[in-house]
Amino acid sequence: MIRSLATYVPPRVLTNDDFARMVDTTNEWILQRTGIRERHIVDAGVATSDLGKEAAVRAIERAGLTPDDIDLIIVGTVTPDMMFPCTACLVQNKIGAHHAWGFDLNAACSAFTYAVTTASQMIGSGAHDHALVVGADVMSSIIDYKDRSTCVLFGDGAGAVVVSAAGEDDVGRILDFEHEIDGAGGPALYMPAGGSLRPPSHQTIDLRLHYVKQDGQTVFKFAVRKTEEISRRVLERNGLKPSDLDLFVSHQANRRIIQSATGKLGIDESKVIINIERFGNTTAATIPLALNDAVCGGRLKKGDLVLLASVGAGFTVGAVLLRWGF
Ligand code: ACO
């Protein structure tokens, strides 16, 4: 079960009007096409492990545990502090989780659903008692602030949950999951340089290849179709209808993607959490940030049936069905 949740966003905010001063765009266009008003951005020198640490420390405390109780750390991110060591090692050291092992999980916007599934299987097998799942990204480190079609979409942030075995008195459960990849979608959303194919060079920098490149419409259509498809599959397998859900928590890439997919599923909008307005797309952090807003707003309570759904670069697709435990 998910035993606790905590999130962290850096204090500095970039509004749509700030972007209108940087590129050829307007507050109206961004709000109408994406649903985003503002996003949080780190100051220079603040990295993914710093955001992840803040969320992790609070999540462990809220679970009534200490860092020494954590057996496994999975950090979902596409913006590691550096190529290696992995961000899980950096977080482990920063929080002092002396008994944990761990690794990074690169599934872009599906990293949180993938990591929750992976952690729950490690707990379910009996191998471990407590896993820390962190979804954290500093998207501002790979965004081209001269490209109006991508720069307005993303923000920085982190979320963390502790996944533990459910006791007899716990109502929380991770009930089911489903994941897919479709590598044919790679060219629709990627960062071309910086890896082994195109190591950094003056040429890759001159060509601006160390930034996110995206075919927005292809990603949009795939996200709507797959969010609906994978959600329906998990629900049907569990004998559930969309109306049985108490809350639907999608990855937050675009308000219109979420509204189209949930409209096709027939989920009432009162059961759909959309908080992209304040954070933009924080990649691995959107789902915990949305869960946190749902908890704080009284829209997510102990015993609620929740479906998490995500689509991300790769393409990666995920859904996790769970009963909320606190
Ligand atoms: N301000 C003003 N105009 C803009 C901006 C901007 N910030 N960005 C693009 N435009 C222009 C385009 O240049 C284009 O102009 P043109 O017609 O003169 O060529 C026009 O707006 C329409 O562009 P489209 O790409 O057709 O706009 P669309 O309605 O598809 O919206 C968007 C673009 C918001 C990127 C949308 O496709 C989208 O959200 N796609 C999903 C991508 C996404 O969220 N990816 C994130 C990660 S993956 C994931 O999370 C699922």
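These legends go with close-up views of a predicted model.

**View 1. Five strands make up an open sheet.** The strands line up as S1-S7-S6-S4-S5, and their pairing is mixed. At the edges sit S1 (2–8) and S5 (101–105), each of which pairs on one side only. Going from one strand to the next, the twist averages 15°.

**View 2. S4 and S5 run parallel.** Zoom in on S4, residues 72–76, and you'll find five bridges joining this strand to S5. Ile-74 stands opposite Phe-103 of S5.

**View 3. Two helices lie across strands of the sheet.** H3 (residues 48–62) lies across S1, S6 (130–138) and S7 (156–164), at about 140° to S1. H11 (residues 286–296) lies across S1 and S7, and its angle to S1 is about 105°.

**View 4. Domain 1 (2–164) meets domain 2 (173–323).** Their C-alpha centres are 14 Å apart. Contact involves 50 residues of domain 1 and 43 of domain 2. Between them the two domains bury about 3,600 Å², with 62% of that on carbon and sulfur atoms. On the domain 1 side, Cys-109, Thr-113 and Tyr-114 lose the most area to domain 2, together accounting for 16% of what that side buries.

**View 5. Polar pairs cross the domain interface.** There are 19 residue pairs in polar contact here, and two salt bridges also span the interface. Several elements of domain 1 each supply at least two residues to the side touching domain 2, among them S1, H2 (27–34), S3 (38–40) and H5 (111–124). H5 gives the largest share of that side, eight residues.

**View 6. Glu-277 and Arg-37 form a salt bridge.** Their closest N and O atoms are 2.7 Å apart.

Methods:
Residues are numbered from 1 along each chain as its sequence is written. This is a predicted model: local features need pLDDT of at least 70, side-chain atom pairs count only at pLDDT 80 or more; totals for chains, interfaces and linings use all residues. Side-chain values use heavy atoms; hydrogens and water are left out. Two strands pair if DSSP finds at least two bridges between them. Helices (H or I, at least four residues) and strands (E, at least two) are DSSP runs, numbered from the N terminus. Axes are lines fitted to C-alpha atoms, for helices over the stretch in contact, and angles run from 0 to 180 degrees between N-to-C directions. Contact means heavy atoms within 4.5 Å. Domain bounds come from an automatic or database domain assignment. Buried area is the accessible area (1.4 Å probe) that two parts lose on being put together, summed over both. A salt bridge is a side-chain nitrogen of Lys or Arg within 4 Å of a carboxyl oxygen of Asp or Glu. A polar contact is a pair of N or O atoms within 3.5 Å; within protein, one must be able to donate a hydrogen and the other to accept it, and residues adjacent in sequence count only if both atoms are side-chain atoms.
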